[in-house]
4 protein chains.
Amino acid sequence: MSGRVGVWLVGARGSVATSVVCGAAALRAGLAPPVGCVSELPDVAVARLPAYADLVFGGHDVTGCPLDKRAEQLAAGGVLPRSVLAGVGAELAAAEAEIRAGYDGAAGTSQRVAAEALAADLRSFADRHALRRLVVVNLASTEPRRDPHPATGSLAELETALDGGDPVLPPSALYAYAALTAGYPFVDFTPSAAVGSAALAELAVARGLPWAGNDGKTGETLVKAALAPMFADRALRVRSWAGTNLLGGGDGANLADPAAAATKLASKGQVLSTVLGESLVEPLHIDYVPDLGDWKTAWDHISFEGFLGVRMSLQFTWQGCDSALAAPLVLDLARLAVRAHEVGEVGPVGAFGFFFKDPAGTAEHRLAAQYEALRSWAARAGELP
Amino acid sequence: MSGRVGVWLVGARGSVATSVVCGAAALRAGLAPPVGCVSELPDVAVARLPAYADLVFGGHDVTGCPLDKRAEQLAAGGVLPRSVLAGVGAELAAAEAEIRAGYDGAAGTSQRVAAEALAADLRSFADRHALRRLVVVNLASTEPRRDPHPATGSLAELETALDGGDPVLPPSALYAYAALTAGYPFVDFTPSAAVGSAALAELAVARGLPWAGNDGKTGETLVKAALAPMFADRALRVRSWAGTNLLGGGDGANLADPAAAATKLASKGQVLSTVLGESLVEPLHIDYVPDLGDWKTAWDHISFEGFLGVRMSLQFTWQGCDSALAAPLVLDLARLAVRAHEVGEVGPVGAFGFFFKDPAGTAEHRLAAQYEALRSWAARAGELP
Amino acid sequence: MSGRVGVWLVGARGSVATSVVCGAAALRAGLAPPVGCVSELPDVAVARLPAYADLVFGGHDVTGCPLDKRAEQLAAGGVLPRSVLAGVGAELAAAEAEIRAGYDGAAGTSQRVAAEALAADLRSFADRHALRRLVVVNLASTEPRRDPHPATGSLAELETALDGGDPVLPPSALYAYAALTAGYPFVDFTPSAAVGSAALAELAVARGLPWAGNDGKTGETLVKAALAPMFADRALRVRSWAGTNLLGGGDGANLADPAAAATKLASKGQVLSTVLGESLVEPLHIDYVPDLGDWKTAWDHISFEGFLGVRMSLQFTWQGCDSALAAPLVLDLARLAVRAHEVGEVGPVGAFGFFFKDPAGTAEHRLAAQYEALRSWAARAGELP
Amino acid sequence: MSGRVGVWLVGARGSVATSVVCGAAALRAGLAPPVGCVSELPDVAVARLPAYADLVFGGHDVTGCPLDKRAEQLAAGGVLPRSVLAGVGAELAAAEAEIRAGYDGAAGTSQRVAAEALAADLRSFADRHALRRLVVVNLASTEPRRDPHPATGSLAELETALDGGDPVLPPSALYAYAALTAGYPFVDFTPSAAVGSAALAELAVARGLPWAGNDGKTGETLVKAALAPMFADRALRVRSWAGTNLLGGGDGANLADPAAAATKLASKGQVLSTVLGESLVEPLHIDYVPDLGDWKTAWDHISFEGFLGVRMSLQFTWQGCDSALAAPLVLDLARLAVRAHEVGEVGPVGAFGFFFKDPAGTAEHRLAAQYEALRSWAARAGELP
């Protein structure tokens with residue numbers, strides 16, 4: 001299956017997107033081994049995914065910081081080796097040339113018009129590069145949590161509302177609407193609304209498109225998804241699971257807004273209640289600590305009860321670099337979503353739940369079971385043409 | 001499948017054995033819910049296991065501390081609730097009456113004679129209680145590591161050596177020899193030699209008996225078995241995994257002997273090299289810290305590499321009570337081994353690897369996969385008469 | 001200096017007060033060594049403090065749970081050894097007999113009348129036991145933070161307002177007013193208002209009485225006071241100091257109220273800004289985690305910068321039992337406050353800042369310097385009659 | 001007090017020495033603020049210390065890696081900012097030109113001859129730069145622990161043995177002998193023997209020279225020295241204090257040798273037994289974990305007993321960069337030792353114990369008290385001409 005494949009990043013000037021473009025270039029050039037790349041594991045690679053060398057990047061963003069400057073910041077912060085930075089200038093410039101102004105929700109523009117403009121950007125990108133396939137991945141900042149507009153209850157209502165000029169969709173959902181309308185699969189790597197409404201889900205089915213989300217599982221929640229089943233399978237009764245997340249960087253600044261943090265916390269809270277039950281005491285904080293830069297530290301304290309009521313505890317401290325953790329997963333999901341489109345998947349692909357905090361299309365939150373579902377999917381996909 | 005079932009504990013006066021006897025009584029009397037009891041999870045209970053109410057306890061030991069005194073110590077140390085202690089006096093006394101002098105390897109007694117005496121104790125116990133089944137579980141202190149005697153290379157050589165009066169077997173293996181010879185399945189909950197030689201494995205097959213081992217996976221290694229696959233499945237490259245174990249109590253005192261610690265460390269080291277590969281730097285310490293009593297604290301530091309070589313880390317601190325963690329698993333294994341015997345399993349039961357640090361009969365060390373193997377086994381066993 | 005000395009506890013039925021009464025009895029009877037008792041260190045004992053055997057306990061409370069029942073709860077929670085509990089029944093009963101109904105701020109009673117009733121309780125207690133000295137210690141739950149009433153700006157204004165029937169004082173301050181009016185020194189072991197207004201401070205001076213506060217420094221803040229000077233004296237630049245406190249028990253339940261938590265957090269935040277400067281990022285949380293019972297876990301993450309801008313970190317996890325940490329300090333402070341009264345101290349005793357999160361009468365927050373101030377004070381007091 | 005001052009580094013090509021040279025240049029050029037520089041705190045700067053701009057660097061080493069290459073490695077490892085590296089080329093070259101071949105203990109050379117050659121290097125350096133003062137600082141790798149040679153019992157015996165051609169001194173002591181003989185103060189920043197024998201101490205007195213040591217207190221032991229007095233001053237009984245140190249880099253590789261580790265562990269163990277008493281259980285490990293590079297992680301677990309025997313714990317994890325922590329202290333000690341020489345100090349300067357794990361000339365191990373001693377010394381020195 002050769003031919004160029006487009007990866008369109010919403011939030012194309014952010015740390016994760018910049019790491020994605022640099023990383024793909026580094027992998028293509030053999031400057032780095034595919035560490036962190038799930039799709040390169042034999043279990044998953046068997047699915048016959050597009051090659052890194054075939055990926056072409058573009059995207060939307062509402063800020064103006066050029067990719068090369070952002071890449072320089074990442075190198076200064078220890079996220080990007082200078083040896084990689086030195087070798088990926090051409091690819092950064094190429095991606096830079098394909099970044100278009102995003103939708104910022106400013107008053108004055110109707111969402112119908114805005115969506116058509118976004119879709120036109122996608123189609124134009126596909127034409128310009130003669131792309132065999134195109135996938136849109138949302139990497140934009142987490143949106144404040146808000147109640148969905150009533151018009152998102154069905155596709156018909158949504159179309160009527162858009163025709164009427166109402167601003168019914170949050171930006172993430174408008175991007176998803178544009179992508180699906182234009183005929184491209186969509187991946188939501190954030191906890192924002194995106195495809196998470198009846199109307200959008202209906203649209204994906206109507207167009208015969210797969211989608212995946214929500215919220216990339218890169219750090220604390222990843223560890224939770226690995227550890228919670230241990231307690232469940234050992235019949236240990238977890239009484240409380242407290243978590244504190246210290247974030248620097250842009251993500252931390254955005255999540256210092258309590259409304260955005262609420263969206264994130266809701267997403268992060270899924271795994272424990274699903275695997276361990278609802279009665280858990282589960283305090284969870286996100287703090288903005290600017291001096292941590294691109295790094296994140298999470299401390300979790302788990303108090304559990306064993307045989308005859310004996311109380312015990314487990315604590316962990318995770319110190320990770322979110323961009324370095326997210327970027328290879330974005331590449332994985334782009335490749336997998338393209339393949340899902342090829343093999344005819346429609347609607348949310350539950351088998352991709354391994355990558356998400358709040359997986360669409362599945363109720364499975366146990367990490368090993370999610371991996372097994374991905375492995376099975378890849379094996380089946382590998383047998384298709 | 002009714003009728004009484006014997007559980008014979010080698011090391012019957014230790015903390016774990018005492019917790020086993022008290023715990024079984026508490027469960028039977030409804031004094032405590034079956035927290036920590038894997039065999040009570042619906043996935044596993046389906047196997048049609050013997051009821052707690054049908055279990056009868058006895059055992060060997062080389063020390064003289066009565067069970068009620070040991071139970072009082074456990075209560076003082078916070079391992080056993082006083083409400084349980086108050087309700088299990090009769091069961092402790094019954095088990096006390098069934099403890100026989102164990103094999104201490106003293107010079108002067110031939111191992112052939114000693115094995116026959118041990119086997120006679122088992123048969124007499126079975127007769128006295130009209131037991132439908134009997135299982136022997138090794139809970140004795142970890143033995144020093146030593147090279148196996150050449151005569152353990154085959155059953156024929158072993159029998160010849162025993163006839164010749166050579167002390168060829170370490171105590172754990174002599175107990176296993178006695179159990180298998182007498183026709184009873186054997187569970188090794190320690191890292192000692194036990195059935196881990198060609199001769200003993202051959203004996204189990206010759207007698208058509210199942211066995212399981214080695215070394216109950218109760219704390220740090222349990223967490224390792226849950227976390228290591230997370231790194232593997234995410235294609236993250238673990239560079240070092242350092243561990244420190246602080247142990248009080250009898251286990252700590254025994255493991256303060258470097259030779260015994262070597263046995264334990266070898267057992268604990270299996271999971272990481274199997275799941276993550278051999279190139280890992282893996283310093284691992286066991287320290288005796290008497291003031292921790294029955295409690296154990298383990299700290300692990302995992303340094304790993306992500307996308308483009310970025311270094312990250314995960315630390316965890318486990319604070320557990322070994323007796324409270326081990327006792328329900330001993331009950332699980334006793335019930336499962338009895339059922340394995342009933343359904344005709346012969347040799348090491350790999351499906352019980354979920355319980356062990358160094359599982360016999362399987363190369364699987366990933367915790368979730370081990371649980372799945374156990375679940376499958378239980379489902380199959382449940383369909384048998 | 002012989003003769004009986006009264007210790008009047010506000011919040012006399014709480015965990016700390018119960019531990020104080022039991023602990024004093026245990027020390028008197030030789031059931032336990034004076035571990036945790038600062039006033040028994042030779043440096044401090046030199047001050048010629050009242051003997052434990054001379055202390056007589058009473059107090060106010062607004063709840064009705066009897067002391068023996070509370071002591072039983074503490075024993076069940078592992079805070080009080082059963083061997084101590086068995087030996088202190090008489091002392092618990094004696095203290096129980098001296099507990100009077102406290103002030104609950106209920107509408108309908110004028111604060112003037114309430115204060116006179118509280119003072120009468122104190123005088124009656126002193127008479128009944130022919131007390132040589134009496135000290136009042138506030139151990140009641142943390143009050144919600146609120147702006148001080150304007151009438152607390154001076155003693156004259158306060159007296160006028162009380163005469164006028166206005167409810168101008170929060171309960172902690174009414175207790176302090178009653179104690180000082182009756183001629184007894186006051187210790188505030190909580191972060192509540194108490195003597196922390198110009199009017200009350202003026203009253204203490206007017207009556208020639210010493211007082212001490214606020215908020216006993218028992219756990220996380222104690223460690224902060226020991227560690228912050230290390231960074232300052234090594235010229236290391238602390239960039240952020242994040243803290244999470246998980247509390248069970250009554251303290252946790254009370255602090256689950258954001259208004260009460262605000263009072264506590266303000267008190268806890270003093271040490272870092274004083275020792276390390278104001279520019280620190282300092283997120284701090286208190287979470288109520290009921291299953292922790294009388295125990296508290298705090299995790300702090302300190303990010304600091306060294307030579308040439310290199311970023312480093314220190315984390316600590318404190319796992320303490322608040323009652324066991326607070327009780328001996330309450331006894332220390334009672335003994336020291338009595339001695340301060342004897343030697344003629346008037347106003348806030350800055351030399352007792354070692355015991356407090358938010359010390360009155362001193363700006364010193366460095367733990368070692370606070371100890372040195374206490375040591376000097378004790379040496380001087382020891383030379384007085 | 002103007003004029004150039006020499007700083008002669010034994011182990012001049014190591015990470016710490018390279019950081020010292022780069023850091024001094026950066027401070028001089030205003031490329032970095034003096035973070036981590038104790039001697040720049042007003043309390044200490046009052047002593048009238050030589051300016052950074054007046055320091056001239058040279059040294060001995062037995063390896064050949066040029067300073068600029070080592071500095072590049074430090075930059076790649078995140079220890080040295082590239083902005084600093086870019087600005088200190090001239091200073092690195094100047095120091096490089098003043099590095100001479102060190103003493104490697106090779107057979108064939110008499111120690112008498114070797115010492116004279118080392119001393120000649122020092123005198124020649126002092127002449128060449130018209131140095132007002134010169135100080136020698138030992139930064140070489142930790143030596144294996146060994147029993148001192150009997151001839152180090154007095155200076156007379158030592159001189160006789162050296163005349164006789166016996167290899168009586170370990171390298172660190174030969175460097176110290178050469179420095180003191182040549183009339184220069186000596187600082188031992190390692191746990192090696194150096195001045196730690198009666199003979200060398202006598203030599204320092206005979207020449208009227210100050211010296212300081214041993215073993216820079218940069219990480220885990222620094223935290224211990226801050227925390228141990230907290231327990232002592234609160235009368236809390238520490239029962240065990242377990243520590244694990246994970247080291248990468250050259251230091252880790254050297255300490256992977258058990259004999260060298262023994263030297264280090266003996267030095268690290270001083271503070272706790274001094275402050276908390278001898279009965280402590282104190283397991284302590286050093287592990288070589290190459291992937292940590294220049295970074296070090298230490299985990300300490302402290303188990304302590306409070307009022308009425310309640311057991312509690314404190315854990316900490318220190319993640320530091322040893323070179324960044326050590327380099328400013330080396331500059332501090334060089335400046336302070338020069339000033340000590342000026343003001344006529346002779347023998348070990350106990351007031352510099354703040355900087356050392358195993359301080360010579362004082363029994364004080366409590367960090368705050370050590371800082372107070374340094375502050376007092378600086379105040380006195382500041383009043384001298």
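User: Before I look at charges between chains, what is a salt bridge here?

Analyst: A salt bridge is a side-chain nitrogen of Lys or Arg within 4 Å of a carboxyl oxygen of Asp or Glu. Keep in mind that this is a predicted model.

User: Thanks! With that cut-off, how many salt bridges are there between chain A and chain B?

Analyst: Between chain A and chain B the count is zero salt bridges. Polar contacts are a separate matter: 10 residue pairs are in polar contact across the interface of chain A and chain B, both partners at pLDDT 80 or more.

User: Which elements of chain A give two or more residues to the side that touches chain B?

Analyst: They are α1 (15-28), α10 (220-233), β9 (295-305), β10 (311-321), α14 (322-342) and α15 (367-382) of chain A. The most comes from β10(A), with 11 residues. By class, the residues on that side of chain A are 41 nonpolar, 11 polar and six charged.

User: How much area do chain A and chain B bury between them?

Analyst: About 4600 Å² is buried between chain A and chain B, with 70% of it on carbon and sulfur atoms. On the chain A side, A:Arg234, A:Phe307 and A:Leu308 lose the most area to chain B, together 21% of what that side buries. As for the residues involved, chain A brings 58 to the contact and chain B brings 58.

User: You named β10(A). How should I read its link to β10(B)?

Analyst: Start with the general idea: strands of a sheet pair through backbone hydrogen bonds, either parallel or antiparallel. In this model, β10(A) and β10(B) run antiparallel and are joined by seven bridges. To find one of these on screen, pick A:Trp318, whose bridge partner in β10(B) is B:Leu314.

User: Let's move to the other contact. How many salt bridges are counted between chain B and chain D?

Analyst: The general idea is that side chains of opposite charge can pair when their charged atoms come close. Between chain B and chain D the count is two salt bridges. One pairing across the two chains is D:Arg311 with B:Asp291, whose side chains meet at 3.8 Å, N to O. Polar contacts are found here too, with 12 residue pairs across the interface of chain B and chain D, both partners at pLDDT 80 or more.

User: Which strands of chain B take part in that contact?

Analyst: On the side of chain B that touches chain D, β7 (237-247), β8 (284-288), β9 (295-305) and β10 (311-321) each supply at least two residues. That side of chain B has nine nonpolar, 10 polar and four charged residues.

User: And what area is buried between chain B and chain D?

Analyst: About 1800 Å², with 58% of it on carbon and sulfur atoms. B:His285, B:Asp291 and B:Trp299 supply 30% of the area that chain B buries against chain D, more than any other three residues. You met B:Asp291 a moment ago, in the salt bridge with D:Arg311. The contact takes 23 residues from chain B and 23 residues from chain D.

User: What turn lays chain B on chain D?

Analyst: A turn of 180°, with a shift of 0.0 Å along the axis, lays chain B on chain D at an RMSD of 0.0 Å. The two copies are therefore related as by a two-fold rotation axis. In chain B, the C-alpha nearest that axis belongs to B:Thr244, at 3.6 Å. The same surface serves both copies, as 100% of the contact residues of chain B recur in chain D.

User: Within one chain, what is the strand order of the open sheet in chain C?

Analyst: The seven strands are ordered β3-β2-β1-β4-β5-β6-β11 in chain C, and the pairing is parallel. At the edges stand β3 (99-101) and β11 (347-348) of chain C, each with a single partner strand, so one side of each is left without a neighbour in the sheet. Strand β6 (residues 210-212) of chain C pairs with β11(C) over two bridges in the parallel sense, and C:Trp211 has C:Pro348 as its bridge partner in β11(C).

User: Last one: how many salt bridges does the whole structure have?

Analyst: The search finds 65 over all chains. Among them is B:Glu159 with B:Arg112, at 2.9 Å, N to O. B:Glu159 lies in helix α7 (residues 155-163) of chain B and B:Arg112 in helix α6 (residues 111-128) of chain B, so this pair ties together parts that are 47 residues apart in sequence.

How values were computed
Residues are numbered from 1 along each chain as its sequence is written. Chains are lettered from A and ligands numbered from 1 in the order in which they are written. Side-chain values use heavy atoms; hydrogens and water are left out. Contact means heavy atoms within 4.5 Å. Buried area is the accessible area (1.4 Å probe) that two parts lose on being put together, summed over both. A polar contact is a pair of N or O atoms within 3.5 Å; within protein, one must be able to donate a hydrogen and the other to accept it, and residues adjacent in sequence count only if both atoms are side-chain atoms. Helices (H or I, at least four residues) and strands (E, at least two) are DSSP runs, numbered from the N terminus. Ala, Val, Leu, Ile, Met, Phe, Trp, Tyr, Cys and Pro count as nonpolar, Asp, Glu, Lys and Arg as charged, and the others, Gly among them, as polar. Copies are superposed by least squares on the C-alpha atoms of residues with pLDDT of at least 70 in both. Two strands pair if DSSP finds at least two bridges between them.
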